[in-house]
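User: Could you take a close look at a single part of this structure and walk me through it slowly? I am in my first year, so please connect each step to the next.

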Amino acid sequence: MRRLIVLPWKKSIEIAYKSIRARFFRSLITTLTLVLAVSFLAFSQVSIDIADTMLATGDPSLCQMLLRCGYDILPGDTSLAASPKQRWIITLSLLVCVVGIINAQLMSVTERFREIGTMKCLGALDRFIVRIFVMEATMQGFAGASVGAILGTTSAFLAALFRFGPGTIDLLPWPAIFVSTVTALATGIGLSLLGVLYPAIMAARMQPVEAMRVEQ
Amino acid sequence: MSEKLIVRVTGLTKDFDLGKIVVKVLKGIDLEIESGKYISIMGPSGSGKSTLFNMIGGLDKPTQGKVFIDEVDIAQLDAYELAWLRCRKIGYIFQTFNLIPVMTALENVTLPMTFAGTPGEEAVSRGMKLLSQVGLVGRHEHKPAELSGGQQQRVAVARALANNPAIILADEPTGNLDLSTGEEIISLLKQLSQEEGTTVISATHDFKMLNVSDQVIWIRDGRVDKIQERADLEIHTGGMSS
C-alpha cells in the first residue's frame, strides 16, 4: 500500500505567502531588522570599495580627500580593507539582527501553536511544518535583504558623491560594488534562515496534543 | 462477532507526570467499537474522556495498554505511518473548531486532500461538494473569522470528511455552540455517518447526543462505567428523546 503524505512545493510556498500576508506587520518588523543590518553591511562594504578605487588611482589629491574623510591611509597602502573595529561593529550588528529575528520568529511560532497542531492532526509531517517556516523566512529574508542591499549601496553612492564630489562617478568600481551588494543580500537571507531554524524545529517536534492544549 | 471492529482498546492507562505528583487519568480501559456505529463517550469533566479521545486518535501515547485501529497497533507505527493514519483514516472535529485562520473555508477543506496527494482540481471539486453537503454553498471564499461558530464547525465537519476517513473523532463538537446550532451539527454528523458508513466517536457531555447514538460509553473516574446500547438508552432517557 502506498502510504505517502505529500505537500507540493507550490502549495507550501502558497501557505507561507498567505501566512506572511495575514501577519503583515509582524513580518514587517522582522524584515525591518534585516533591512537595517543588511543596509549597514552593504553601506560599509561599498564605501570601502569606492575608497579602494580612489586610492588605487594614486592621485595625491584623492588620497588627501580620503584622509580628510577619516580613512587611515599608511604610506604604501594599496587597499583599505575594513579595520578590525569596523569588522567588529558589523559582526555585532548582524548578531543583534539574528537575535531579533529569533525573538520575532519564536513569538510567531508560539502564536501559531494551535495551527501547527491542527496541521499535524490533518496528517502534516514534521518537515512540512519546518518547510513552511523556512519558506516564510526565505521570502522575508529575500525581501528584507534586497531592500537593505539597495538602500545600503545607494546611500554609499550618495555619501561618496557628497564627500568626494561628482568626479567620483567615473571612478565607481562596478564589479566590486556588485559583489559587495550580492554578498550583503546573501548574508541577509542566510541570517533570516539562521533565525528561523530553532523556532521551526521546536514547533515541528511538538506533539499535536501539546500544541492544541495551548489556550488562545 | 458479526460486525467488523474498527477500534479496539486494551488495558489502556494514562498517567500525567506533573513533577511532584502523578495523576492517573485513565485507569485501565477496554473497549471495542464496531465499524459504522455512532458512539458517544459520555462522562463528567475530568473523567478522562478527552484523554481517551486523544489516545484513540493517535494524538497522544498511552502509558500502558494498546490502541488498535483496524487491527493495527498504533504504537508500532512510525512518524510517516502515523501521519498517514491521521490524514486518511481519521477525521478530527474539535470543540474549538481549529480551522486554519489564514485559509478560506475551501482551502481548509482541501488541505487534508493536498496532504493525501489529491490533484488540485479534484480536491477543489470534492471540497465544494463537501461544503454544499454541510450546507455552506457560496461561503467557500470566506475566512474562518468571517463565519459564525456553527458555520465554522460545519467547515470542520467537511474537513474531517475530506479523505473519506473510516473514523470521525469529535471532541465535544457542540461544546462551543448554542443549543440549536449544536443540534444541527449533531444531526449533520448522524446523517453523514449514515450516508458514508463512517464510524463516529464523539466525546461529549451534551445529552442531545444521546438521541442519535447507537452506543453510549459512560466514563467515570478513568474507567468504563457502563456501555449502553441504543435500545437500553431509550428506556433510560425516554422523557428526553420524545
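Analyst: In this predicted model, the side chain of Asp30(B) reaches the backbone nitrogen of Gly11(B) at 2.8 Å. Asp30(B) itself is placed in strand β2 of chain B, which covers residues 22-34. If residues up to four places away in sequence are not counted, Asp30(B) touches Val9(B), Thr10(B), Gly11(B) and Val224(B). The chain also brings Asp225(B) into this picture, for its C-alpha atom is separated from that of Asp30(B) by 11 Å, although the two residues are 195 residues apart along the chain.

From here we can turn to the sheet that contains β10. Six strands of chain B form an open sheet in the order β6-β7-β8-β3-β9-β10, and their pairing is mixed. Because β6 (90-93) and β10 (223-229) of chain B stand at the edges and have a single partner strand each, one side of each is left without a neighbour in the sheet. On average, and with direction ignored, neighbouring strands of this sheet are turned by 15 degrees against each other.

At the β6 edge, four bridges join β6(B) to the parallel strand β7 (residues 167-171) of chain B, and Gly91(B) has Ile168(B) in β7(B) as its bridge partner. Helix α1 (residues 49-56) of chain B packs on the sheet, where it touches β3 (38-42), β6, β7, β8 (199-204) and β9 (215-220) of chain B, and its direction makes about 150 degrees with that of β7(B). Helix α2 (residues 79-89) of chain B, in turn, lies across β6 and β7 of chain B and runs at about 70 degrees to β6(B).

Key
Residues numbered from 1 in each chain as written. Chains lettered and ligands numbered in written order. Predicted model: local features only at pLDDT ≥ 70, side-chain atom pairs only at ≥ 80, totals over all residues. Heavy atoms only, no water. Helix = DSSP H or I, 4+ residues; strand = E, 2+ residues; numbered from the N terminus. Contact = heavy atoms within 4.5 Å. Polar contact = N/O pair within 3.5 Å; in protein donor to acceptor, adjacent residues only side chain to side chain. Pairing = 2+ DSSP bridges. Axes fitted to C-alpha atoms, helices over the stretch in contact; angles between N-to-C directions.
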